[in-house]
Amino acid sequence: MFAATVAYALPGGSQTFVDRVADAVPNGYYGSDRMHIHFGSRTSDAAAFAEFMRAFSQTLASEANVLKVRLHLPDRYDNPKPAPPAPDVDHTVTEERQLIAVLELAFANPIARRSFYAGELFPRTLTGQSTNISHYAAFAVSGIYTYVRDKKLTTPGLRGSRPAKLIDALGATNQIADDVRNFIFSGKI
């Protein structure tokens, strides 16, 4: 089914610089203009790359058009110890993909996104980007599904995203009550 799979370790978690998105626990499409951007480091200096990416993220977060900036700085990918282990599937990455960062950005809509990129702030970051970033790839995000928030399972995490949407749409509070959650975990009423 897959020619290759790669999983980057994120032991330190992610850092959110700003989050003005109304729904803290989204489950599906919520109308905002979201993207994930994968960046490759220009050098092999992980500490310098992380420092630049944090400063870059902080700069982006200062712009009013940006609703959300979350930075993921995974550990350098280790080809000799690939993850996830699976037979007959390639787990190696090229050198340029070993040290990466992933930035999650959200805007209210495409006009806000285009205004941000055409504004005064973003062009001022281009020199720093060219010094520290070798390449990037942007991916539009069509849905966000939050399964764990603050180390607790959300309704989608406990029940699945589609049942959780139905529970929300119906206002089925009897499906999210503590006794039901306990029953799902323990199997006892």
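## Exercises on a five-stranded sheet

An open sheet of five strands, paired antiparallel, runs in the order E1-E4-E5-E3-E6. The twist averages 15° from one strand to the next. The model is predicted.

**Exercise 1. Find which strands stand at the edges of the sheet.**

Solution.
- Start with the strand order, E1-E4-E5-E3-E6.
- Strand E1 (14–19) and strand E6 (133–141) each have a single partner strand, so one side of each is left without a neighbour in the sheet.
- These two are the edge strands.

**Exercise 2. Trace the bridges from E1 through E4 to E5, starting at Thr16.**

Solution.
- E1 and E4 run antiparallel and are joined by five bridges.
- Thr16 has Arg70 of E4 as its bridge partner.
- Now cross to the next pair: E4 (residues 66–72) and E5 (residues 100–107) are antiparallel, with six bridges.
- Arg70 has Glu104 as its bridge partner in E5.
- A second link to E5 joins His72 with Val102.

**Exercise 3. Decide how well E4 is covered, and name the helix that lies across it.**

Solution.
- Count the buried residues of E4: seven of its seven.
- Then look for the helix: H2 (residues 110–118) lies across E3 (33–41), E4 and E5.
- Against E3, helix H2 runs at about 40°.

**Exercise 4. Is Arg34 buried or exposed, and what does it contact?**

Solution.
- Locate Arg34: it is in strand E3.
- Its relative accessible area is 8%. The cut-off for buried is under 20%, so Arg34 is buried.
- Leave aside neighbours within four places in sequence; the contacts of Arg34 then include Lys68, Glu104, Leu105 and Phe139.
- Glu104 is also the E5 bridge partner of Arg70.

**Exercise 5. Classify Ala22, then give its C-alpha separation from Leu67.**

Solution.
- Ala22 sits in the loop between E1 and strand E2 (27–28).
- Its relative accessible area is 85%. Exposed means over 50%, so Ala22 is exposed.
- Leu67 is 45 residues away along the chain, yet the C-alpha atoms are separated by 9.3 Å.

**Exercise 6. Which residues make the nonpolar surface patch, and how does Tyr147 qualify?**

Solution.
- The patch covers about 490 Å² and is made by Tyr145, Tyr147, Val148, Leu153 and Phe185.
- Place Tyr147: it is in the loop between strand E7 (144–145) and strand E8 (148–149).
- Tyr147 has a relative accessible area of 38%, which makes it partly exposed.
- Patch residues need over 30%, so Tyr147 passes with its 38%.

Technical notes. Residues numbered from 1 in each chain as written. Predicted model: local features only at pLDDT ≥ 70, side-chain atom pairs only at ≥ 80, totals over all residues. Heavy atoms only, no water. Patch = residues over 30% accessible without salt bridge, like charges linked within 9 Å, V, L, I, M, F, W, Y side chains within 5 Å. Areas by Shrake-Rupley, 256 points an atom, 1.4 Å probe, with all protein chains shown as cover. Salt bridge = Lys/Arg side-chain N within 4 Å of Asp/Glu carboxyl O. Helix = DSSP H or I, 4+ residues; strand = E, 2+ residues; numbered from the N terminus. Buried < 20%, exposed > 50% of the residue type's maximum accessible area, 1.4 Å probe, protein only. Pairing = 2+ DSSP bridges. Axes fitted to C-alpha atoms, helices over the stretch in contact; angles between N-to-C directions. Contact = heavy atoms within 4.5 Å.
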